[in-house]
Amino acid sequence: MGSAALTEITRDNEKELQMTFIGNLFKKHAENAVASVQQFLVTLDPETATEAQIAEFSDQLRKASEELASARAEYQREQKEADEIAALYNKRLQAATIIEHQIADAGDPAQQQSLSASLEKLVAMLEQMKPDVDREQQEAEDAKQMMTELTSFVEESAATLKDARVRLDHAQSEMRRAELEKERAEKRARTAEVLAGIKQGSGTFNVALDAMQKKAEQSKIKADAANTRSSLLTPTKPEKDDANIAAALAEASGKPDTKNASISERLAALKK
C-alpha cells in the first residue's frame, strides 16, 4: 500500500472521528437541554414532579416484581430438573457400585461377564449424563442468583419508594403548614392595619369631640350671657308689683303711667 493510500485512510479516519465527536457533542448538549427543561419544570411544580417520580418508581417496582416472580418460577423449575437428574445420576452411580461388588463376588465366569457388560453400559450412561448433571446444576445456580439479585432489587426499590412517599407526605405537610402560617401572618398584618386605622381614627374622633365640646361650651357661654343681659333688662317682680316704683320708673323713662292717671293727665299726655 502506497503512502497516498495511507494518507487517504488517515484522513477518512480523522473525518470519522470528527463526525463521531460532533455527534456525541450534540447528543450531550441535547441531553443537557432536556435535563435543564426537566429541572425548570420541577422547580415550577415540585409537588407534581415528585408525584410523577414516585409513580415512575411504582411502575419500575411493579415491573421488577413481575420479573422476580418469573425468575422465582424459573429457578424452581431449573432446580427441580437439576434435582431430578442428580437423583437419577446418583441412583445409577449407586447401581454401578453394586454391580461392581457383584462382579468381585461372582464365581461364575459367565455371570461375571454378564455383570461386566452391564457395568460397562451403566458407566457409559453415567459418563454421558455427567455433563447434563453439571449443566442443570449450573442453570439452577444461575437462576437462583438471578432470583436473589431481583429480590434484593425489589426490596431496595420498595424501601426507596416507601421513603420517597414518607418524604413527600412530610414535604406536603410542611408546605401546608407554611401556607397556613403565611395566611395567619397576612391576617395578623391586616388586623394590625385595621387597628392602626382605628387608633388613627380615634385620634381624629377625639379631636372632633373636643371641637364639638368646645363649641358647646362657647354656645353655653353665649346663652348664659344672653340670659344675664335679658335678666338685667327685664323688670324684676318688685318693679312690677309695686305701683309707686312702677310709676316712678315710668316717669324716669319719660313714660308716665297712664293706667292710674286721671282724665286730665291722660288728655294732657295725648296732647303731647
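What share of the contacts in the protein chain with a separation of 6 or more comes from residues 24 or more positions apart? I looked this up before anything else. The figure is 72%. I note here that the model is predicted.

**Entry: the chain as a whole**

I went through the secondary structure and found 6 helices and 0 strands. Reading along the sequence, I wrote the pattern down as α-α-α-α-α-α. I then looked up burial: the protein chain has 272 residues, and 13% of them count as buried. For the accessible surface I have about 21,700 Å². Carbon and sulfur atoms hold 57% of that surface.

**Entry: the nonpolar cores**

I turned to the largest nonpolar core, which has 13 residues. Ile54, Leu68, Met147 and Val154 are the ones with the most contacts inside this core. Helices H2 and H3 each supply at least two of its residues. The helix that gives the most is H3, with 7 residues. Apart from this core I found another one, of 12 residues. Leu119, Leu126, Met129 and Val133 are among its members.

I also took Val154 by itself and listed what this residue touches. Leaving out residues up to four places away in sequence, I have Leu61, Ala64, Ser65 and Leu68.

**Entry: Glu78**

I placed Glu78 in helix H2, which covers residues 46-105. Is Glu78 buried or exposed? I put Glu78 down as buried, because its relative accessibility is 7% and the cut-off for buried is under 20%. Its side chain is joined to that of Arg77 by a polar contact of 3.0 Å. Next I checked which residues Glu78 touches, not counting those up to four places away in sequence. The list reads Glu136, Glu139, Ala140 and Ala143.

**Entry: Glu156**

I looked up a second glutamate, Glu156, and found it in helix H3, residues 109-233. Its relative accessibility is 54%. Exposed means over 50%, so Glu156 counts as exposed. How far apart in space are Glu156 and Leu61, C-alpha to C-alpha? I have 9.6 Å for this pair, with their positions 95 residues apart in sequence. Leu61 was already in my notes as a residue that Val154 touches.

**Entry: the two glutamates side by side**

I closed the page with both residues. Glu78 of H2 is buried, whereas Glu156 of H3 is exposed.

Conventions. Residues are numbered from 1 along each chain as its sequence is written. This is a predicted model: local features need pLDDT of at least 70, side-chain atom pairs count only at pLDDT 80 or more; totals for chains, interfaces and linings use all residues. Side-chain values use heavy atoms; hydrogens and water are left out. Helices (H or I, at least four residues) and strands (E, at least two) are DSSP runs, numbered from the N terminus. Buried means under 20% relative accessible area, exposed over 50%, partly exposed in between (1.4 Å probe, protein chains only). A polar contact is a pair of N or O atoms within 3.5 Å; within protein, one must be able to donate a hydrogen and the other to accept it, and residues adjacent in sequence count only if both atoms are side-chain atoms. Contact means heavy atoms within 4.5 Å. Accessible areas come from the Shrake-Rupley method with a 1.4 Å probe; for residues, only the protein chains shown count as cover. A nonpolar core is a set of buried Ala, Val, Leu, Ile, Met, Phe, Trp, Tyr and Cys residues joined through side-chain atoms within 4.5 Å.
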